[in-house]
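Please work through the following exercises with the sequence and the model at hand. Each task is followed by a solution in steps.

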Amino acid sequence: MNELFDRIGIDKDLWHYLKETDKPIVMYGMGNGADKILARFEGHGIEVSDFFASDGFVRGHSFHGKQVLSLAEIEEKYDDFIIILSFASSLDEVLDLFYSINEKHEMYAPDVPVTGDGTFDLVFFKNNIDNFSQARELLADNLSKNVFDNVIRYKLTGKISYLKEIETTPDEAWENILSPNRYVTAVDAGAYNGDTAKEMIMRCKNIGKIFALEPDARNYRKLNAFAETESRIEPKNAAAWNENTFLEFDSSGNRNANTFCLNTKKTITVEACTIDSVCSNSADYIKYDVEGAERNAVIGSEITIKNTSPDLLISLYHRNEDLFDLPLLINEINSDYKLYLRKFKYVPAWDLNLYAIK
């Protein structure tokens, strides 16, 4: 069909495999992640036999009408079974637990987009194969291409071993890709509580100004409090967008709050603005982690990207199409960039970042 399709080498995705299996399927974890997976299981006609939690979280309670068990109780109840991991983590002790269970049992972590609908399955991959191929060709080094390939393999199969093989650290990116000593003016889009602005200050010795955008009110209060202790940070309670306007925003206060997955009981109108207008069309470095609004935020910084070619860090994991759409968009705006892809430790495929370097 296609050189990339042959390279990936996957002929059956996780969803079809689970639909066809005769083994009982048990889900590890509860909460929003589990609900998202269960909704997709329902659409595919996949049934879950039981739920279990880590030992410290088994309290005799129920989830979706079934008593939550321990892994030991699952092992006693079933001779052979499939585990579906339904929550995320980047903590070493939790990842070690994931990988130890994965070695002992057949376990998968289904890829469900943070934002948007649809499933990253073989149909989606085949329908967008040309876009995926074009995006891969833009990547500047072999590590980036290996990350690209293994992320696709993971998304199709749910096998977390593909993610472990491509993990690198933020230090590697800062040392080998970015140029922190060159940055004087930066934009932090999706600044949360100021944690990434703090990292910029620590790593960029010549930084003079950081325009920090955060739309969530609770997070912004923490950002603003930090900015009061650090004069180089200019906070703005606004979302990065492709125009200056107002948007309905999820006001839940969590790190993944955004303008797309709205809970009508917790929404609020927030200011949205272009990065161009915030930094007056000039910056040395822009970080985008805006919970699915990356495309809009990039378009809203198009003048800056064309005029001053700032180094860019763009989160590439919120939507199914991000893996090809955002590299192609950056290349369309400014074809002088070299593009790199790095994946930090996380299960599922979060903390996947695109770097665009002039």
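The exercises below concern helix packing, burial and backbone geometry in this predicted model.

**Exercise 1. Determine how helix H7 and helix H16 are oriented to each other, and which residues form their contact.**

Solution. Two packed helices are described by the angle between their axes and the distance between the axes. Helix H7 covers residues 129-137 and helix H16 covers residues 322-333; their axes lie 8 Å apart and make an angle of about 55°. An angle over 145 degrees would count as roughly antiparallel, one under 35 as roughly parallel, and one of 65 to 115 as roughly perpendicular, with the rest oblique. H7 and H16 are therefore oblique to each other. The crossing of H7 past H16 is left-handed. On the H7 side, the contact is made by Asn131, Phe132, Gln134 and Ala135, and on the H16 side by Leu323, Phe324, Pro327 and Leu328. Sorted by class, this contact of H7 with H16 has six nonpolar and two polar residues, and no charged ones.

**Exercise 2. Carry out the analysis for H7 and helix H8.**

Solution. The axes of H7 and H8 cross at roughly 155° and come within 10 Å. H7 and H8 are therefore roughly antiparallel to each other, since angles over 145 degrees fall in that class. H7 passes H8 in a right-handed crossing. From H7, the residues Phe132, Ala135 and Arg136 meet Lys145, Phe148, Asp149 and Ile152 of H8. The contact of H7 with H8 comprises four nonpolar and three charged residues, with no polar ones.

**Exercise 3. Check the length of H16 and of H8 against the expected span, and state how far each is enclosed.**

Solution. H16 has twelve residues, which at 1.5 Å a residue should span 16 Å; the end C-alpha atoms are 16 Å apart, so the two values agree. Nine of these twelve residues are buried, so H16 is largely enclosed by the rest of the structure. Among the buried residues of H16 are Asp322, Asp325, Leu326 and Ile333.

H8 consists of 16 residues, 142-157, and reaches 22 Å from its first C-alpha to its last, close to the expected 22 Å. Because 13 of the 16 residues of H8 are buried, this helix is likewise largely enclosed by the rest of the structure. Just after H8, glycine 158 takes a positive phi of about 75°.

**Exercise 4. Is aspartate 117 buried or exposed, and what does it contact?**

Solution. Aspartate 117 is placed in the loop between strand S6 (106-108) and helix H6 (122-127). Its relative accessibility is 74%, and aspartate 117 therefore counts as exposed, the cut-off being over 50%. Apart from neighbours within four places in sequence, aspartate 117 is in contact with Arg40 and Asn320.

**Exercise 5. Describe the backbone at histidine 64, serine 309 and proline 348.**

Solution. Most residues other than glycine have a negative phi, and most peptide bonds are trans. Histidine 64, in the loop between strand S3 (62-63) and strand S4 (66-70), has a positive phi of about 50° although it is not a glycine. Serine 309, also not a glycine, has a positive phi of about 45°. Serine 309 is found in the loop between helix H15 (302-308) and strand S14 (311-315), and is buried, with a relative accessible area of 9%. Finally, valine 347 and proline 348 are joined by a cis peptide bond with omega of about 5°. Proline 348 is located in the loop between strand S15 (338-343) and strand S16 (352-357).

Technical notes: Residues numbered from 1 in each chain as written. Predicted model: local features only at pLDDT ≥ 70, side-chain atom pairs only at ≥ 80, totals over all residues. Heavy atoms only, no water. Axes fitted to C-alpha atoms, helices over the stretch in contact; angles between N-to-C directions. Helix = DSSP H or I, 4+ residues; strand = E, 2+ residues; numbered from the N terminus. Left-handed = near helix turned anticlockwise from the far one by under 90°. Contact = heavy atoms within 4.5 Å. Nonpolar A, V, L, I, M, F, W, Y, C, P; charged D, E, K, R; others polar. Expected span 1.5 Å × (residues − 1). Buried < 20%, exposed > 50% of the residue type's maximum accessible area, 1.4 Å probe, protein only.
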